[in-house]
Amino acid sequence: MLIDWGALKNELAEAIGADKVRDDPTTLVAYSRDWSPRPGEELILPHLVVRPESTEDVARVIKICNKYRVPVTPVAGMTGMGGGAIPFYGGVIIDTKGLNRILEVDTENYTVTVQTGITIKALNDELAKYGLWLPHDPESKPTSTVGAAIACDNDSTFGIRWGKMIDHLLSAVIVTGSGEIVRVGYRKAYCSSSGLKLHALLVGSEGTLGIITEATLRVVPIPEYRWVDGAFFKSIREAVEAARKMLAAGLPIDAININDRFRLKFYTHAYRIKHGREPEVPEGTQAILFYSLSGDREVVEYSKEYARKIVEKFGGQMIKERDIIDSWWKSKHTLEFDPFKQKWPDSQRKEKFGAADVGVPPGRLEELHEKFVKTVEKHGLRILGMNIYNERIGCVSPSISCAVFVGDSEDEVKRFYEYVKEMSEIAVDLEGTASTYIGDTWRLLDVMEYEHGKALEYMRKIKEIFDPNWIMNPGKKFRLPKEVEDRYKKLRG
Amino acid sequence: MEIGRLEKYRDEIYTCNRSHCGYCQEGCPSYRILGFEQYSSRGKMITARVLLEGKIGIDDSVVDAVFNCFLCGFCDAKCALFPTNIFISLRREIFLAKKTPDPLLRVVESVLNFGNPQQFRREERSQWAKNIAMGGGNNVLFFPGCIYSYFYPKRTQRIYQLLEKSALAVTYLPEIDTCCGYPVFLTGDWDSFERIARANFEAWKKSGVKKIVTPCPGCYASIGELYPKFIDDFDIEVSHVAMEIYDAYDNGKLRLRKVYETLTYHDPCDLSRKFGFVEEPRKILEAIAEEIVEPRYHGFFARCCGGGGLVSAYNPKLHIRASIERAKELVETQAQIITTACPTCIRTIYKGLKRIKARTEIRGFEELVLGAML
């Protein structure tokens with residue numbers, strides 16, 4: 001079936017306004033990329049880009065796209081590392097950043113209701129006026145949005161204290177793949193045993209069920225004070241043990257990262273520039289535990305000494321060079337770049353970072369690390385290092401970045417994705433999971449059945465309830481039915 | 001500021017494409033208002049790439065993305081790459097492809113024919129100096145620039161008085177005073193800019209000028225930074241009036257007293273982000289006001305007033321919308337007076353204040369200093 005793109009454009013323009021619908025070359029190329037490693041010269045264009053500003057407009061757009069049976073790719077910050085925002089089959093991109101209003105700040109109930117195209121940073125800038133804070137904190141927060149954080153289930157520096165988006169999301173409005181507007185969740189209730197938790201289905205749905213247009217989130221008071229620290233360890237196992245003891249002691253920990261020795265170089269860059277030499281690192285260091293404590297100043301002051309005692313008791317050696325700790329914290333949270341001096345994106349001049357984002361239980365981390373080093377070598381890539389984020393409340397809960405450098409060549413990008421696939425399978429074999437913060441996107445289609453088995457059939461059935469015509473972000477998370485795929489392939493001409 | 005053809009920036013452009021972090025978007029006035037990706041620095045960097053690779057040609061959509069940019073440099077402050085150099089280069093490519101939009105060609109014509117971008121008559125330029133006794137100047141030229149000369153003659157007089165009073169002896173040469181050519185440079189017509197620059201340099205040399213002091217950040221950037229790139233033997237020192245004031249204050253030559261209650265300072269993009277003049281004006285303001293209140297976005301990360309990049313000529317509606325946004329941010333500080341060291345910013349913010357019906361006054365930085373001299 002040939003699509004009359006001109007007619008589709010006119011219909012969309014009539015529905016939501018001509019100024020919100022574009023198909024000129026500059027618009028299309030601007031939506032051809034996200035953060036994921038792609039061959040340098042590749043150019044994958046949508047046919048149209050729309051930028052609605054309300055739930056109703058999104059519903060109108062999706063209904064029209066349904067009528068024409070064209071692919072719809074929702075995008076937000078386009079900082080996803082897995083290609084989730086790339087319109088592989090063309091079609092219509094819905095840029096959700098036009099839905100960027102805060103609808104209600106409820107200081108009585110500690111909730112905020114937003115249109116989901118607002119960036120996390122913009123939301124927190126506003127919440128700060130009320131002394132409140134959405135503690136979901138990815139490094140991409142100046143660009144990535146609330147909606148993308150829900151749909152991509154991305155990572156958060158403060159996950160160990162506050163969890164991930166699934167822990168903040170109380171209710172949401174979704175425009176399904178058939179253009180219906182559905183409210184899911186429990187309004188502002190923090191707990192419920194009623195019905196099925198459809199709002200939880202949205203977390204990590206990657207735009208395959210529909211577009212989340214509004215969300216009510218729990219927020220928390222901004223802590224009065226925070227202390228950030230770090231320690232060297234002779235093994236990942238010892239660092240994990242120390243982290244567990246710190247949590248068990250009841251310390252007000254709000255972030256824990258455990259880095260391998262390769263990754264340390266990432267945080268000593270600023271030190272080298274400032275001091276002109278390498279920092280002192282104890283011999284035999286294999287892991288670096290970075291952590292932060294937050295709360296009332298008096299509590300934190302007491303806790304920081306107590307944390308140090310635990311670190312040292314479990315074989316850690318506190319990092320004395322504050323520049324290293326500051327570097328980690330700037331990179332993870334404050335993003336306080338010196339104008340014109342920051343490493344970002346200076347560090348990507350020749351190649352970029354890419355990662356397998358696997359999860360394994362804490363006891364399998366050492367095994368995973370060994371396999372990580374070997375797998376990187378096997379695929380002829382260069383190691384950047386492993387960072388173990390912890391993102392479930394109150395426990396060592398690895399969400400792991402197995403990062404490498406990736407060049408622009410088609411061959412290297414291909415080897416990178418083979419590496420990702422192999423690491424994901426290794427993680428499943430180690431009683432873990434293929435993805436913890438990037439999402440499945442297109443890159444893990446081959447691993448989905450390996451990880452989920454028969455459960456994948458149930459997931460496909462759920463997908464079809466929300467999106468019966470397979471128009472929503474096709475080619476991501478689920479393999480397309482053959483007839484749909486054949487039809488979409490023809491759209492590219 | 002670097003200048004060069006787009007090819008020169010290939011590595012920078014590819015680096016941005018690899019990174020795609022989008023940190024540039026948060027404070028980008030064009031992106032915040034127009035919304036689509038290509039208006040942000042990150043989006044234009046992809047446009048630059050596909051142009052370099054010949055995947056698209058220069059069409060209306062490229063022109064639209066490039067000339068809706070204020071060249072304010074917010075993206076530069078958030079990035080290691082200095083993207084505005086690349087956007088200026090894109091304007092050059094558009095000029096060479098003969099696709100420069102008409103309103104900007106009219107700016108060039110006006111500067112070439114009238115010596116200013118707004119088609120004012122040449123003889124009006126020096127009206128501000130009519131009843132003022134000109135000092136000796138010692139080869140230091142006062143160069144007020146087009147905006148001050150034509151739009152704010154009284155303010156220009158006061159700046160001149162300030163310089164005289166603070167013993168920064170300057171002279172004014174009405175017979176050779178004309179546009180520095182900066183607006184022409186921003187259109188991408190660097191050939192005309194070079195001719196203007198050479199003619200000005202020759203006239204200044206003939207008059208024995210050794211140093212130029214200007215209250216306009218655009219003129220300061222143009223003469224101080226661009227002229228030496230086009231003229232090998234350019235040897236005139238260039239300074240901004242606010243910098244001279246700071247030096248005089250710092251050296252104890254200028255004594256000030258607190259006469260204002262609450263002030264807020266709007267950082268002109270060309271002075272703050274380009275030349276790092278951020279702390280100095282604040283030290284002066286601290287000396288003349290009881291309280292300095294900062295807008296949410298200030299210093300290196302201040303938002304553009306909407307006066308940059310010739311957007312006012314290309315897309316007046318966008319220019320006004322940006323001025324309204326900035327005016328709101330400045331009014332939110334509840335300062336008694338908004339001040340800035342740039343005539344274009346004064347003019348643009350004033351438009352924004354008028355649109356939002358705000359009563360807050362905007363005054364030139366130099367005027368405030370004049371009123372606080374001991």
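Leaving aside neighbours within four places in sequence, which residues is B:I349 in contact with? They are B:H266, B:C305, B:S323, B:R326, B:A327, B:L330, B:I338 and B:I362. The model is predicted.

**Cores**

B:I349 belongs to the largest nonpolar core, which has 177 residues. Within this core, B:I349 is one of six residues that touch the most other members. A:V50, A:V61, A:I150, B:V66 and B:L163 complete that group. Another core lies apart from this one and has 70 residues. Its members include A:A231, A:I388, A:F416 and A:V420.

**Sheet in chain A**

A:V50 leads to the sheet, as it sits in β2(A), opposite A:V21. The sheet is open and has four strands, in the order β1-β2-β4-β3 (chain A). Pairing is mixed. β1(A) and β2(A) run antiparallel and are joined by two bridges. β1(A) and β3(A) stand at the edges; each has a single partner strand, so one side of each lacks a neighbour in the sheet.

Helices pack here too. α1(A) touches β1 and β2 of chain A. The direction of α1(A) makes about 5° with that of β2(A). α3(A) lies across β2, β3 and β4 of chain A. Its angle to β4(A) is about 170°.

**A helix pair**

Elsewhere in chain A, α9 (residues 236–248) packs with α11 (residues 297–313). Their axes are 9 Å apart. The crossing is right-handed. α9(A) contributes A:A242, A:K245 and A:M246 to the contact. α11(A) contributes A:A307, A:I310 and A:V311. By class, five of these residues are nonpolar, none is polar and one is charged.

The angles of the packed elements in chain A are set out here.

| Helix | Partner | Angle |
|---|---|---|
| α1(A), residues 5–16 | β2(A) | about 5° |
| α3(A), residues 55–68 | β4(A), 92–95 | about 170° |
| α9(A), residues 236–248 | α11(A), residues 297–313 | about 145° |

**Contact between the chains**

Chain B gives 36 residues to the contact, and chain A gives 36 residues. On the side of chain B, the elements with two or more residues are α1 (10–19), α3 (41–52), α4 (60–67) and α5 (74–77). The largest share comes from α1(B), with seven residues. By class, this side of chain B has 15 nonpolar, eleven polar and ten charged residues.

Conventions. Residues numbered from 1 in each chain as written. Chains lettered and ligands numbered in written order. Predicted model: local features only at pLDDT ≥ 70, side-chain atom pairs only at ≥ 80, totals over all residues. Contact = placed C-beta atoms within 7 Å. Nonpolar A, V, L, I, M, F, W, Y, C, P; charged D, E, K, R; others polar. Pairing = 2+ DSSP bridges. Axes fitted to C-alpha atoms, helices over the stretch in contact; angles between N-to-C directions. Left-handed = near helix turned anticlockwise from the far one by under 90°. Core = buried A, V, L, I, M, F, W, Y, C linked by C-beta atoms within 7 Å. Buried ≥ 20, exposed ≤ 12 C-beta atoms within 10 Å, placed from the backbone.
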